[in-house]
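Q: I would like to learn how to read a structure like this one, feature by feature. Could you take me through it?

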Amino acid sequence: MQKLTNVGENLVNDIASRYGLSRDAVVHMLVSVNNGGCSMAQFNCPELGGSGQWMRGGMTMVGDMFNNGLKTTVDNLCNELANILSNNQVFPVVAAGTPGSSQWWPMDLGSPSSSGSQNNTRYAVFPNRLAVELNGQVSIYDTLDHNIGGVSQQQGGNDSLTFNSQWGTISVNNLPLVSGTSPAPAPQTNFAQTVQEPQPTQAPVQDFEQTNEITNSQYNTTNQMIEIIKKLAELRDVGVLTESEFNTKKAELLK
């Protein structure tokens, strides 16, 4: 449950009463507007038509797209919540250096040269250190001799970060872990990585019955192909197919 200050609780209750919404619905919209920097929101609120989007001074989209009254309600609500967030301490102040704070990394690292977030992962770059927060867990890595120039998140099922340095692209999971918990190692994409040659594997030995089945299948397929070519030749002879068309089909079958 989202914690609110006493001021925030009173404001939420007042808005819920005036708009005819539950407290949980108003808090959901309050968090959505706050996450959007008070200028936009993405929400999924059953009391407001399900999923939708709001942009301050722009378009408002709701699940019931032709319900203009609902759009107006959402727009007025989000604008009011944005003004409340800008002028009141709605959420309790989270101490710096703790999860949930805008300064979530250990304070002894100082100020980061760059920071950002993607999905459920946040990162901050410091001299010789890289802080990564994944699902509320903070890990600190030693960046060694890398001069980090950019950070990106790998796509797909792998949640690990990669960064660009003067040595190429390196997976964060390949850096020495200073503190915290490191997720499962991800493949390193550095161009200097040592590539292991694939070991030859012995092909499985098929028994006689399995080999016989493959031979019979190939034999039946060959007979079918010959029959089709004969039929095509007959169609050519009676003028249904031209010589060129017959040769083209024959070549396709022989492949």
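A: Gladly, and let us begin with a term: two residues are in contact when heavy atoms of theirs lie within 4.5 Å. With that in hand, V12 touches L4, R23, V26, V27 and L30, leaving out residues up to four places away in sequence. Please keep in mind that this is a predicted model.

Q: Where does V12 sit, and is V12 buried or exposed?
A: V12 belongs to helix α1. Buried means a relative accessible area under 20%; V12 has 2%, so it counts as buried. A distance along the fold adds to the picture: V12 and L81 are 69 residues apart along the chain, yet their C-alpha atoms are separated by 8.9 Å.

Q: Before we go further, how many helices and strands does the protein chain have?
A: There are 5 helices and 11 strands. The protein chain has 255 residues, and 28% of them count as buried. For contacts between residues at least 6 apart in sequence, 37% join residues at least 24 apart.

Q: How do I read the packing of two helices, say α1 and α2?
A: Start with the geometry of the axes, then go to the residues. Here α1 and α2 pack at an angle of about 115 degrees, and their axes are 9 Å apart. The crossing of α1 past α2 is right-handed.

Q: Which residues of α1 and α2 meet?
A: From α1 come E9, V12, N13, I15 and A16, and they meet R23, V26, V27 and L30 of α2. Sorted by class, this contact has 6 nonpolar, 1 polar and 2 charged residues.

Q: Why look for a nonpolar core?
A: In soluble globular proteins, nonpolar side chains tend to be buried together. In this model, the largest nonpolar core has 28 residues, and the members that touch the most others are M29, L30, V33, L48, V74 and L81. At least two residues of this core come from each of α1 (6-19), α2 (23-35), β1 (40-45) and α3 (68-87). The element that gives the most is α3, with 8 residues.

Q: What does V33 contact, beyond its neighbours within four places in sequence?
A: V33 is in contact with C38, M40, A41, W54, C78, L81, A82 and L85. Apart from the largest core lies another core, of 10 residues, including V125, F163, V172 and L175.

Q: How should I read a sheet, for instance the one with β1, β2 and β3?
A: Ask for the order of the strands, their direction, and which ones are at the edges. This open sheet of 3 strands has the order β1-β2-β3, and the pairing is antiparallel. Its edge strands are β1 and β3 (60-61), each of which pairs on one side only. Strand β2 (residues 50-55) joins β3 over 2 bridges in the antiparallel sense, and Q53 has M61 in β3 as its bridge partner.

Q: Which helices pack on these strands?
A: Helix α2 lies across β1 and β2, and runs at about 150 degrees to β1. Helix α3 packs on the sheet too, touching β1, β2 and β3, with its direction at about 60 degrees to that of β2.

Q: And how do I read a hairpin, such as that of β5 and β6?
A: Follow the bridges along the strands, then look at the turn. Strand β5 (residues 121-126) and strand β6 (residues 129-134) run antiparallel and are joined by 6 bridges. T121 stands opposite L134, while V125 has L130 as its bridge partner. Between the strands there are 2 residues, and N128 takes a positive phi near 65 degrees.

Q: What comes after β6 in this pattern, and which residue has a positive phi there?
A: Strand β6 is joined by 6 bridges to strand β7 (residues 137-142), and the two run antiparallel. I140 in β7 is the bridge partner of A131. In this hairpin of β6 and β7, again with 2 residues between the strands, N135 takes a positive phi near 55 degrees.

Q: Why is β5 described as largely enclosed?
A: Of the 6 residues of β5, 5 are buried, so this strand is largely enclosed by the rest of the structure.

Technical notes. Residues are numbered from 1 along each chain as its sequence is written. This is a predicted model: local features need pLDDT of at least 70, side-chain atom pairs count only at pLDDT 80 or more; totals for chains, interfaces and linings use all residues. Side-chain values use heavy atoms; hydrogens and water are left out. A nonpolar core is a set of buried Ala, Val, Leu, Ile, Met, Phe, Trp, Tyr and Cys residues joined through side-chain atoms within 4.5 Å. Buried means under 20% relative accessible area, exposed over 50%, partly exposed in between (1.4 Å probe, protein chains only). Helices (H or I, at least four residues) and strands (E, at least two) are DSSP runs, numbered from the N terminus. Axes are lines fitted to C-alpha atoms, for helices over the stretch in contact, and angles run from 0 to 180 degrees between N-to-C directions. A crossing is left-handed if the near helix is turned anticlockwise from the far one by less than a right angle, and right-handed if clockwise. Ala, Val, Leu, Ile, Met, Phe, Trp, Tyr, Cys and Pro count as nonpolar, Asp, Glu, Lys and Arg as charged, and the others, Gly among them, as polar. Two strands pair if DSSP finds at least two bridges between them.
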